[in-house]
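Here are some notes to read with the structure open beside you. I have gone through helix packing, ring pairs and a handful of single residues.

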Amino acid sequence: MGTELLDATFAALADPTRRAILARLAGGEATVTELAEPFAMSQPAISKHLKVLERAGLISRGRDAQRRPCRLEARPLREATAWLADYRDYWAESYQRLDALLDELQALDQTDAERRRARLDGTDG
């Protein structure tokens, strides 16, 4: 995925209204009027959000007689997810290293506690 498209995808996803529009389109195509219904904003404001989503390649608009339905285009989302997967792998490895360190520290703490108990009991060398 090109940097420009990735930037446009994340910029489009940064807005909660645009994410809600994408969630609605995941259920099937809809017109601008249908997409505007749940929002307390004008149809021109919704149209601006749709233009951002369209520039990012996240939606496409068709023509069906007088209707101009919008459809979700998932490819940019898949590519953004693939880009994020590298970081998910990084964090998974970091958490595995942290788990190993915690296990090691707990084992040392347990050994230290056993030595202190042995000294208190007078069983140490």
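Which helix holds Arg-88? The answer is α5, and since this is a predicted model, that placement and everything below describe a prediction.

1. **Arg-88 and Arg-97.** Let me stay with Arg-88 for a moment. Its relative accessibility is 55%, and exposed means over 50%, so Arg-88 counts as exposed. From its C-alpha atom to that of Ala-26 the separation is 24 Å, with the two positions 62 residues apart along the chain. Arg-97 is also placed in helix α5. With 53% relative accessibility, Arg-97 counts as exposed. Its C-alpha atom is 31 Å from that of Asp-7, and the two residues are 90 apart in sequence.

2. **Leu-108.** This residue belongs to helix α5. Leu-108 has a relative accessible area of 52%, which makes it exposed. If you want a distance to check in your viewer, try Leu-108 to Arg-67: their C-alpha atoms are separated by 70 Å, for 41 residues along the chain.

3. **How α1 meets α5.** Two packed helices are described by the angle between their axes and the distance between the axes. Helix α1 covers residues 3-13 and helix α5 covers residues 75-121; their axes come within 10 Å and cross at roughly 100°. An angle of 65 to 115 degrees counts as roughly perpendicular, and α1 and α5 are therefore described that way. On the α1 side, the contact is made by Leu-5, Leu-6, Thr-9, Phe-10 and Leu-13. On the α5 side, Arg-75, Pro-76, Leu-77, Glu-79, Ala-80, Trp-83 and Leu-84 take part. Sorted by type, the residues of this contact are nine nonpolar, one polar and two charged.

4. **The buried face of α1.** Which residues of α1 are buried? They are Leu-6, Thr-9 and Ala-12. Looking down the axis of α1, these buried residues fall within an arc of 130°, so they line one face of the helix. Thr-3 and Glu-4, on the other side of α1, are exposed. As for partners, the buried residues of α1 pack against α2 (16-25), α4 (43-55) and α5. Leu-6 and Thr-9 thus appear both among the buried residues of α1 and in the list of contacts with α5.

5. **α2 against α4.** For this pair of helices, the axes come within 10 Å and the crossing is at roughly 75°. That angle lies in the 65 to 115 degree range, so α2 and α4 are roughly perpendicular to each other. Helix α2 brings Thr-17, Arg-18, Ile-21 and Leu-22 to the contact, and helix α4 brings Ile-46, His-49, Leu-50, Val-52 and Leu-53. By type, the residues where α2 meets α4 are six nonpolar, two polar and one charged.

6. **Aromatic rings.** How many aromatic pairs does the structure hold? There are four. In the pair made by Trp-83 and Tyr-87, the ring centres are 5.0 Å apart and the planes stand at 50°, so the pair is tilted. Both residues lie in helix α5, four residues apart, which is about one turn of the helix. Trp-83 has 37% relative accessibility and so counts as partly exposed. Tyr-87 is partly exposed too, with a relative accessible area of 43%. Ring pairs also bring in Phe-10, which is linked with Trp-83 and Tyr-87 into a cluster. Phe-10 and Trp-83 are both listed in the contact of α1 with α5, where the rings may be worth viewing together.

7. **Glu-79.** This residue of helix α5 is listed in the contact with α1. With 24% relative accessibility, Glu-79 counts as partly exposed. The C-alpha atoms of Glu-79 and Val-52 are separated by 18 Å, and the two residues are 27 apart along the chain. Val-52 is itself one of the α4 residues that meet α2.

8. **Thr-31.** Where does Thr-31 lie? Its place is the loop between α2 and α3 (32-36). Buried means under 20% relative accessible area, and Thr-31, at 14%, is therefore buried. Setting aside its neighbours within four places in sequence, Thr-31 is in contact with Arg-67, Arg-68 and Pro-69. Arg-67 is also the partner in the 70 Å separation from Leu-108 given above.

Notes. Residues numbered from 1 in each chain as written. Predicted model: local features only at pLDDT ≥ 70, side-chain atom pairs only at ≥ 80, totals over all residues. Heavy atoms only, no water. Axes fitted to C-alpha atoms, helices over the stretch in contact; angles between N-to-C directions. Helix = DSSP H or I, 4+ residues; strand = E, 2+ residues; numbered from the N terminus. Parallel < 35°, antiparallel > 145°, perpendicular 65-115°, else oblique. Contact = heavy atoms within 4.5 Å. Nonpolar A, V, L, I, M, F, W, Y, C, P; charged D, E, K, R; others polar. Buried < 20%, exposed > 50% of the residue type's maximum accessible area, 1.4 Å probe, protein only. Arc of directions from axis to C-beta. Phe/Tyr/Trp six-rings, centres within 6.5 Å; stacked < 30°, edge-to-face > 60°.
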